[in-house]
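Work through the exercises below with the sequence and coordinates at hand. Each task is followed by a stepwise solution.

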Amino acid sequence: MTQRTALLLPGGGARNAYQVGALRAIAEHCPRNPFDILVGTSAGALNLGVLASRADDFGAAVEQLQRIWGELEVAQVYSAKSVSSLRSAAGWMWGMVRGHQSADSQRILDNSPLGALIDAEVDFAAINRFIDSRRLHAVAVHAARFEDGCSVSFFNSNHDVAPWSRPSRTGQKTELRREHLLASAAIPMVFAPQQIDGWHYLDGAFGQVAPLSSALHLGADKLLVITVNPRVDSTPAVPRDPVAALQLPTIASQLFAAQLDERLDGDLDRMRRVNGLLDANASDALQLPGGSHLRRTQSLVIRPTSALASAQDYMEGFPEGMQWLLNMVGQSGGFVSYILFYGPYAKALMEQGYCDAIARIDEIVSFLE
């Protein structure tokens, strides 16, 4: 029986440049595309779009991602001019005061330029061709449905993969479009929700109950996960600056990190427990009452081995108006790192990802064989 390997690219905003560095190390040692299934969230979904567009040339896809991130400017992702940023921020704050916000005021930044970048770099027709020809088994991007908080996996596959529905999560089969990538990357309160078929969607990392589940639904036997957050010590740390720790950007940063990584680690832990249960029963699969079943799944996680490069060392990447706005609400290195889409900062992150993956390349190549 053929094993299917899935690449999971969880969210992290501008931090997702780290994933490209890790992919570069893999491409140097795995010339052929080793992935049958691609799953992405937030900016990870944007990386997925390029990889899926060039599924027949893995090395070229990674080179394209390196070029995109290495040349990236904030203005290619969102409008950060002084007047427009102030108007958006004022509208958001006024909506908070009134207790009512229009669709246009539900964000601080206008990410409409991102749509043009997606159109220029992602070939959705090619993705569909690779699905139809079975060069790719499946692709999926995650988004959070605003109206009911449901985690939605928009997926496409030319195999017998049925849509699914579980408590707080669902899978919808569709041909991927620009709107799906924009929805997956719509960071709450920062970017406006993306409307699809009458529903509004936000960054897929928010409300994502089981980050690994869609890859399993799509038939993955092995999961390679490239996450952008270092493993955090569970011992509480005393903040060096208690006032800064309570500023809005710092709170937002902590909420983002919790959404992005804690549920991933919990899902990985559950997978290990399932594998342990199967070991105890000397089986690769176990039928459960009601028709569902458990099956063995291998996983390997690439994550930063040290703190990521500090975004605050690259603040010149923000236009003057954006720098003023960040100073007004209070800077947080963590929060800034999610929205600093800037080539020099991305290059530093890519170098970290490359070094972390190269240090484990024998393990990675063995896993992908």
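The exercises go from the whole chain to helix pairs, the nonpolar cores and single residues.

The model is predicted, with local features requiring pLDDT of at least 70 and side-chain atom pairs pLDDT 80 or more, while totals for chains, interfaces and linings use all residues. Residues are numbered from 1 along each chain as its sequence is written, and side-chain values use heavy atoms, with hydrogens and water left out.

**Exercise 1. Describe the chain as a whole.**

Step 1. Assign helices (DSSP runs of H or I, at least four residues) and strands (E, at least two), numbered from the N terminus. The chain has 14 helices and twelve strands.

Step 2. Classify accessibility: buried is under 20% relative accessible area, exposed over 50%, and partly exposed in between, with a 1.4 Å probe and protein chains only. Of the 369 residues, 54% count as buried.

Step 3. Take contacts, meaning heavy atoms within 4.5 Å. Among contacts in the chain with a separation of 6 or more, 73% come from residues 24 or more positions apart.

**Exercise 2. Characterise the packing of helix 1 with helix 13, and of helix 2 with helix 6.**

Step 1. Fit axes as lines to C-alpha atoms, over the stretch in contact for helices, with angles from 0 to 180 degrees between N-to-C directions. The axes of helix 1 (residues 17–29) and helix 13 (residues 343–358) come within 6 Å and cross at roughly 45 degrees.

Step 2. Angles under 35 degrees count as roughly parallel, over 145 as roughly antiparallel, 65 to 115 as roughly perpendicular and the rest as oblique. Helix 1 and helix 13 are therefore oblique to each other.

Step 3. A crossing is left-handed if the near helix is turned anticlockwise from the far one by less than a right angle, and right-handed if clockwise. The crossing of helix 1 and helix 13 is right-handed.

Step 4. Sort the residues in contact into nonpolar (Ala, Val, Leu, Ile, Met, Phe, Trp, Tyr, Cys and Pro), charged (Asp, Glu, Lys and Arg) and polar (the others, Gly among them). The contact of helix 1 with helix 13 has eleven nonpolar, four polar and four charged residues.

Step 5. Repeat for the second pair. The axes of helix 2 (residues 43–53) and helix 6 come within 8 Å and cross at roughly 60 degrees, which makes helix 2 oblique to helix 6. This crossing of helix 2 and helix 6 is left-handed. G49, A52 and S53 in helix 2 meet A126, I127 and F130 in helix 6; by class these are four nonpolar, two polar and no charged.

**Exercise 3. Locate the nonpolar cores and place F318 and V336.**

Step 1. A nonpolar core is a set of buried Ala, Val, Leu, Ile, Met, Phe, Trp, Tyr and Cys residues joined through side-chain atoms within 4.5 Å. In the largest, of 90 residues, L51, W69, Y78 and F318 touch the most other members. Helix 1 gives the most to this core, with eight residues. Another core, of 19 residues, lies apart from it and includes V39, A140, A220 and L264.

Step 2. Beyond four places in sequence, the contacts of F318 include V74, Y78 and V336.

Step 3. V336 lies in helix 12 (residues 333–339) and is buried because its relative accessibility is 0%. Its C-alpha is 8.6 Å from that of M315, 21 residues apart in sequence.

**Exercise 4. Which residue is not a glycine, yet has a positive phi of about 70 degrees?**

Step 1. The residue is R134, in the loop between helix 6 (124–132) and strand 3 (138–145).

Step 2. R134 has a relative accessible area of 49%, so it is partly exposed.
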